[in-house]
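Q: I have a structure to go through before setting up some calculations. Can you walk me through it?

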Amino acid sequence: MRKGTLVLGMLGALLTGYSSAGETVLYDDLEPRGNVIYHNEEPYTGIFLDKDSQGRVRAQGHLEAGLLQGEVITYDIHGKVMKSVSYVNGKPDGTSTTFYEDGSIEEKGRYEAGEPEGKWVSYYPGGAIERISYLKNGHPEGEWTYFNEDGSVKEKRTYKNGQRQ
C-alpha cells in the first residue's frame, strides 16, 4: 500500500497501552529479536516511545509480551498524526489510516493477520476519492476504480487472484 504501510510496525512505532508497572520505555532501549521485542532480556510489556534526535516523538504504542498490541501512531516532526495502525499479536490487524500533513485522510483500509484485506480507499489532498480498491490475502482482487479529482471515473481495473484481467 502507499508510503510504506508495512514498514510502520517494527520501525519504532509506539503503541498505546499500559504496563503493570506503568513504565514507559524509549524504543532505542528495546531490542527486536525476530518478531518479539525485548527489554532487559525479557519480552517487554508496556508503553514505548520512539523519539528523534531532538526528542520529538515519532511514534508511540504498546507491547504485550514483546508483541505490538493495539494502536500504533506515527507522527511528523510537528507532532501531527501521520499514520495509525491497529495491531494484534505483533501483526497489523484492524484499521489503518494514513493522513496528509493537513490532517485529512490520505488512505484508509484494514488488515487481517498482517495482510491488507478488503476495501481500501485513497483520497486526493482536497478530500475527493482517488481510488477504491479491494485486496484479498494482501493481493489485488475484484474491481479497482480510479477517479479524477472532480469525482468522474478515470479508469477501472479488474483483478482475480492478484492478476489484472
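A: One term to start with: a nonpolar core is a set of buried Ala, Val, Leu, Ile, Met, Phe, Trp, Tyr and Cys residues joined through side-chain atoms within 4.5 Å. Also, this is a predicted model.

Q: Ok. Which residues touch the most other members of the largest nonpolar core?

A: Leu30, Tyr44, Phe48, Leu63 and Leu68 do, in a core of 17 residues. Strands β10 (81-88) and β16 (142-147) each supply at least two residues of this core.

Q: What does Tyr44 touch, leaving out residues up to four places away in sequence?

A: Its contacts include Leu30 and Leu63, both also among the core residues named above. Tyr44 further touches Glu23, Thr24, Val25, Ile37, Tyr38, His39, Glu64, Ala65 and Gly66.

Q: Back up a bit. How many helices and strands are there?

A: The protein has 0 helices and 18 strands.

Q: And how much of the protein is buried?

A: Of its 165 residues, 40% count as buried. The exposed surface is about 9,100 Å², and carbon and sulfur atoms supply 48% of that area.

Q: What share of the contacts joins residues at least 24 apart?

A: That share is 27%, taken among contacts between residues at least 6 apart in sequence.

Q: Switching to charges. How many salt bridges turn up?

A: A search of the whole structure gives 8. One of them pairs the side chains of Glu143 and Lys156, at 3.6 Å from N to O. Glu143 sits in strand β16 and Lys156 in strand β17 (residues 153-160), so the pair links distant parts of the chain, 13 residues apart.

Q: Is Glu143 buried or exposed?

A: Neither: Glu143 has a relative accessible area of 39%. It counts as partly exposed because buried means under 20% and exposed means over 50%.

Q: What does Arg157 pair with?

A: Arg157 forms a salt bridge with Glu155, and their closest N and O atoms are 2.8 Å apart. Glu155 also meets the side chain of Arg164 in a salt bridge, at 3.2 Å from N to O.

Q: Which residues are joined into one network by salt bridges that share partners?

A: Glu31, Arg33 and Glu41 are joined that way.

Q: And how accessible are Arg157 and Glu155?

A: Arg157 is partly exposed, with a relative accessible area of 22%. Glu155 is at 27% and is partly exposed too.

Note on methods: Residues numbered from 1 in each chain as written. Predicted model: local features only at pLDDT ≥ 70, side-chain atom pairs only at ≥ 80, totals over all residues. Heavy atoms only, no water. Buried < 20%, exposed > 50% of the residue type's maximum accessible area, 1.4 Å probe, protein only. Helix = DSSP H or I, 4+ residues; strand = E, 2+ residues; numbered from the N terminus. Contact = heavy atoms within 4.5 Å. Areas by Shrake-Rupley, 256 points an atom, 1.4 Å probe, with all protein chains shown as cover. Salt bridge = Lys/Arg side-chain N within 4 Å of Asp/Glu carboxyl O.
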